[in-house]
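Good morning, and thank you for making the time. I would ask you to keep the model on the screen in view while I go through a few of its features in turn.

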Amino acid sequence: MPKGYLHIKDTEELKALVERLKQAEYVTVDTEFLRDNTYWPKLCLVQVAGPDVAAIIDPVAPLIDLQPLFDLMVDPKVLKVFHAARQDIEIFLKLSGRIPEPLFDTQVAAMVCGYGDSVSYETLVAKIARASLDKSSRFTDWSRRPLTDRQLTYAIGDVTHLRKVYDVLWADLERSGRTDWLDSEMAVLMDPATYIVEPADAWQRIKTRTTNRRFLAVLREVAAWRETEARARDLPRGRMLKDDALLEIAAHPPTSIDDMKQSRGVPKGFADGRLGPSLLEAVQRGLDCPEDQLPEAEKVTEAPRGVGPLVELLKVMLKLQCEDHGVAQKLVANTADLEAIAGNDEADVPALHGWRRKVFGEAALDLKHGRLALAAEGRRIKLIKLGQGAG
């Protein structure tokens, strides 16, 4: 273990560490996990750091109970700082039943502070902490023991440098008055629904262009079947059946084991195994679904005819305004939002609410109605205020 860091392998050591961390205003947190061969992520390491202590916690050690750590994660007096927190939070939710709070995600904060879209931890460490990371251990097998000093050095760096990153980003947010800009993004991260896929909704994650409602009914049932079986067996969805196989089954629903054997994508021997009959039952549920209960594909709202050029202008405006305000475009609006604004001044999109409206939404509407124009000045694009326009 690199000098100066704790390596926690039993519950008493963890309790002592947590008592120290409970005195801090914030702790930085990261995890290492594996998910190649399981449905649920397998937690292999937890790294934490406060202002004066850093530690690697070994969750697979035989003498450790992680409950003290889980208690710290929901201590309202200690801010939990992650980078790109979603997968880490999913792990804590699965193991403890609670989402860490209060929460701060440096990737989101960096977008608010103008570091670009979905900026990487490595980039922030280089720009803010003026340090470089040895990423050679990024794809290591974290479940194997013992871990090497190189692996541990890599792991602890994910929370020690994060302290400096957080300090600088938080100072930037306070100085610019943007601390509340993170609220909506943090609310999504802290919503359990973000991490829970209900089997009945699993079909919506499978890409298909068809709008045939009977097809979708069968797809809904077989996708729900796969989700349930994958969870029960802790196997990746694709290990059960791949998406292409589910789409083939929905397109040509088998009504017998022999039919299933002919379905492309269904592995040899699958239909005759223990899972074949239950999958066939799922197919039949889709075929028997009453007409008034058939699912519908999500309606894709097409942009009104002729607004294509306006959408392109709005894209330029978005880039211009985001550069001017030092905020990532991804955080403000996407193409679908721009199409919605082009077609409707009252579109219910984030860009027309709150701080996003001040940064971009109002200017977008002014451009749309001829109150603003874009003009080139050398290599720069500038805004020109016009009259009241057509309204």
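Let me begin with a definition: a helix here is a DSSP run of H or I with at least four residues, a strand is a run of E with at least two, and the elements are numbered from the N terminus. With that in place, Pro146 can be located in the loop between helix H5, residues 121–129, and helix H6. Please bear in mind that the model is predicted.

I turn to the chain as a whole. The protein chain contains 16 helices and eight strands. Along the principal axes, its C-alpha atoms fill a box of roughly 75 × 65 × 35 Å. The chain has 391 residues, of which 46% count as buried. Among the contacts in the chain with a separation of 6 or more, 62% are between residues 24 or more positions apart. The exposed area comes to about 20,700 Å², and carbon and sulfur atoms supply 49% of that area.

Next, the backbone. Most residues other than glycine have a negative phi, and most peptide bonds are trans. Against that background, which bonds and residues deserve a look?

Two peptide bonds come up here. The bond from Arg145 to Pro146 is cis, with omega near 0°. A cis peptide bond also joins Glu101 and Pro102, where omega is about -10°. Pro102 sits in the loop between helix H3, residues 86–96, and strand E6, residues 103–105.

Two residues come up for their phi. Ser118, which is not a glycine, has a positive phi near 45°. Its place is the loop between helix H4, residues 106–112, and H5. Ser118 has a relative accessible area of 31%, and it is therefore classed as partly exposed. Asp234 is likewise not a glycine, and its phi is positive at about 50°. This residue belongs to the loop between helix H8, residues 213–233, and helix H9, residues 237–240. Its relative accessibility is 29%, so Asp234 too counts as partly exposed.

I now come to helix H6, which covers residues 149–176 and includes Gln151. Is Gln151 buried or exposed? Buried means under 20% relative accessible area. Gln151 stands at 11%, so it counts as buried. Leaving aside residues up to four places away in sequence, Gln151 touches Ser137, Thr140, Asp141, Trp142 and Pro146. The last of these is the proline of the cis bond with Arg145.

Trp170 is another residue of helix H6. With a relative accessible area of 31%, Trp170 is partly exposed. What does Trp170 touch, not counting residues up to four places away in sequence? Its partners are Phe104 and Thr179. Trp170 can also be paired with Thr106: the two residues are 64 apart in sequence, while their C-alpha atoms are 9.0 Å apart in space.

Let me move on to a pair of helices. Two packed helices are described by the angle between their axes and the distance between the axes. Helix H13, residues 308–325, and helix H16, residues 354–368, pack at an angle of about 145°, and their axes are 10 Å apart. The crossing of these two helices is right-handed.

Which residues form the contact of H13 with H16? On the H13 side they are Leu310, Leu313, Leu314, Met317, Leu318, Gln321 and His325. On the H16 side they are Val359, Phe360, Ala363, Ala364, Leu367 and Lys368. By character, the residues of this contact divide into ten nonpolar, two polar and one charged.

Helix H16 also contains Arg356. Why does Arg356 count as buried? The cut-off is under 20% relative accessible area, and Arg356 has 8%. Beyond residues up to four places away in sequence, Arg356 touches Ser184, Glu185, Leu331, Val332, Pro350, Ala351 and Gly361.

Finally, the cysteines. How many disulfides does the structure hold? The number is zero. Take Cys113: the nearest cysteine sulfur belongs to Cys322 and is 14 Å away, whereas a disulfide requires sulfur atoms within 2.5 Å. Cys289, for its part, is buried, since its relative accessible area is 8%.

That concludes the presentation, and I thank you for your attention.

Conventions: Residues numbered from 1 in each chain as written. Predicted model: local features only at pLDDT ≥ 70, side-chain atom pairs only at ≥ 80, totals over all residues. Heavy atoms only, no water. Buried < 20%, exposed > 50% of the residue type's maximum accessible area, 1.4 Å probe, protein only. Contact = heavy atoms within 4.5 Å. Axes fitted to C-alpha atoms, helices over the stretch in contact; angles between N-to-C directions. Left-handed = near helix turned anticlockwise from the far one by under 90°. Nonpolar A, V, L, I, M, F, W, Y, C, P; charged D, E, K, R; others polar. Areas by Shrake-Rupley, 256 points an atom, 1.4 Å probe, with all protein chains shown as cover.
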